[in-house]
Amino acid sequence: MASLPKEPTQDAKRQSFWMPGNYVRTVHRTEKSFQACNDIVACFNERAKVEKQYAQQLNQWSNKWKTIVDSRPLYGSLMRAWQCFFTSTERLSALHSSISQSLTAEEGDRVKTWQKETFPKKLFCGFSESHSNKTSFSRAQKPWSKKMMKLEKARVAYHKSCQREQNALDKEKQANENPQTSPEKKQKFLESREKVTEDKEKVRERYEKLLEDATSYTPRYMEEMEAIFEQSQEEERKRISFLKQAFLSIHRHLDITNNESVKAVYSELHNTLMSINELDDLKWWKNNNGPGMPTDWPKIDEWVPPIKKLNRKKREQQRKDGRPVMIGGVKVRAMYDYVGEEGDELSFKAGEVFLKVEEEDDQGWCRGVLSGGKEGFYPANYVEVAE
């Protein structure tokens, strides 16, 4: 069986919004809302520092272990998988660093800007909204408070008169019950009690009149107070609505579970781990550190004629002096491989045929033209006349 609602205690009634002066809780709500904004900014600035420190710690961890891993005897897909942990960590570090910046630069600044616009101040009076609400509530409550003060005085007076009547009744009763009390005294107690009762009725009549006056004024009082209160409620509703959106925005930054970049990081890491292939790694080791490595097995090491260093200044001077050029050129065949060290030198393979267009100089170099048309110097002792 459901219990009946309990009557509010006297203390609870005194705490009611309708009681004189209790509207200050609504007035002070503005200051508390302003302070709450400061707390929100400070709270998430601190969280931003945590995110930044975490990002730095991730980077430190990655850098430390990358150096260690590079010196370990791992290779192939297993090494790539291990290194992928560091790559994914660096990407996560960048993400948490961006979260830190967003919490301070975006959300913190947004709340501060909104706070400045929403809580204008009045010179020497604190916040404009608080001053306006306090003035309006006070003005609306003043007539009703006066009535309440008069009513309270009437109540106290009535209760005192009731107490006097009770005392008179007790004395009258005692006198009537005492056989030694003379009829004159009994009459005196009776008249005293009747006078007190008459006074009590007059006080009660005044009390009832004041109560009726206060009761008739109450609807107007409630209407005016509720109108001011609802205006305050609307301002608070706007604040709650803004802070709700701010919290949702902060949540969007912090909730990395739905962040596509985070999903991509762990998806790539998982794919890299799944691509570890022991057969491929063993094959790589065989080809790079085992029997599969290319080897220069023992063979005849043909003698290659030494090459004199080409003195280009001297060569240019000889050309200016006019060295004879072969008309049509002479076909020559390369006996050895040669790779030109300078841009004006030819490169060729043993057996390659090309034209010699200028005789050997005193440095042991000739000028020739390859089949592709490139012209340049080559060592004379690396070729022979082609038959």
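**Exercise 1. In this predicted model, classify arginine 239 as buried, partly exposed or exposed, then find its salt-bridge partner.**

Step 1. Arginine 239 has a relative accessible area of 2%. Buried means under 20%, so arginine 239 is buried.

Step 2. Its salt-bridge partner is glutamate 236. The closest N and O atoms of the pair are 2.8 Å apart.

Step 3. Check the partner's cover. Glutamate 236 has a relative accessible area of 13%, so it is buried too.

Step 4. Place the pair. Both residues belong to helix α5, which covers residues 183-254. They sit three residues apart, about one turn of the helix.

Step 5. Look beyond the pair. Glu129 joins Glu236 and Arg239 in a network of salt bridges.

**Exercise 2. Glutamate 260 and lysine 263 also form a salt bridge. Work out where the pair lies and how exposed each residue is.**

Step 1. Take the distance. From N to O, the bridge spans 3.7 Å.

Step 2. Locate the residues. Helix α6 (residues 260-274) holds both. Their spacing is three residues, about one turn of the helix.

Step 3. Classify glutamate 260. Its relative accessible area is 57%. The exposed class starts over 50%, so glutamate 260 is exposed.

Step 4. Classify lysine 263. Its value is 41%, so lysine 263 is partly exposed.

**Exercise 3. Describe the salt bridge between arginine 367 and glutamate 358, and say how many salt bridges the structure holds.**

Step 1. The closest N and O atoms of arginine 367 and glutamate 358 lie 3.7 Å apart.

Step 2. Arginine 367 is buried, and glutamate 358 is buried as well.

Step 3. The total for the structure is 20 salt bridges.

**Exercise 4. Which residues make the nonpolar surface patch of about 470 Å², and how does leucine 78 fit in?**

Step 1. List the members. They are Trp61, Trp65, Leu78, Phe85, Leu273 and Ile276.

Step 2. Assign helices. α2 (24-70) gives at least two residues to the patch, and so does α3 (76-118). Leucine 78 lies in helix α3.

Step 3. Test leucine 78. Patch residues need over 30% relative accessible area. Leucine 78 has 37%, so it counts as partly exposed.

**Exercise 5. Compare the radius of gyration of the protein with that of a compact globule of 387 residues, then describe its overall dimensions and domains.**

Step 1. A compact globule of 387 residues would have a radius of gyration near 21 Å. The protein has 53 Å.

Step 2. Check the principal axes. The C-alpha trace spans about 175 × 50 × 30 Å.

Step 3. Split the chain. The domain assignment gives domain 1 (16-295) and domain 2 (330-385). Taken over C-alpha atoms, the centres of these domains are 90 Å apart.

Step 4. Count the secondary structure. The protein has eight helices and seven strands.

**Exercise 6. What fraction of the residues is buried, and what share of the accessible surface belongs to carbon and sulfur atoms?**

Step 1. Of the 387 residues, 30% count as buried.

Step 2. The accessible surface comes to about 26,700 Å². Carbon and sulfur atoms hold 54% of it.

Step 3. Add the contact picture. Take contacts between residues at least 6 apart in sequence. Among these, 72% join residues at least 24 apart.

Notes: Residues are numbered from 1 along each chain as its sequence is written. This is a predicted model: local features need pLDDT of at least 70, side-chain atom pairs count only at pLDDT 80 or more; totals for chains, interfaces and linings use all residues. Side-chain values use heavy atoms; hydrogens and water are left out. Patches are made of residues with over 30% relative accessible area and no salt bridge: like charges are joined within 9 Å, nonpolar side chains (Val, Leu, Ile, Met, Phe, Trp, Tyr) within 5 Å. Accessible areas come from the Shrake-Rupley method with a 1.4 Å probe; for residues, only the protein chains shown count as cover. A salt bridge is a side-chain nitrogen of Lys or Arg within 4 Å of a carboxyl oxygen of Asp or Glu. Helices (H or I, at least four residues) and strands (E, at least two) are DSSP runs, numbered from the N terminus. Buried means under 20% relative accessible area, exposed over 50%, partly exposed in between (1.4 Å probe, protein chains only). The radius of gyration is taken over C-alpha atoms; the globule rule is 2.2 Å times the number of residues to the power 0.38. Contact means heavy atoms within 4.5 Å. Domain bounds come from an automatic or database domain assignment.
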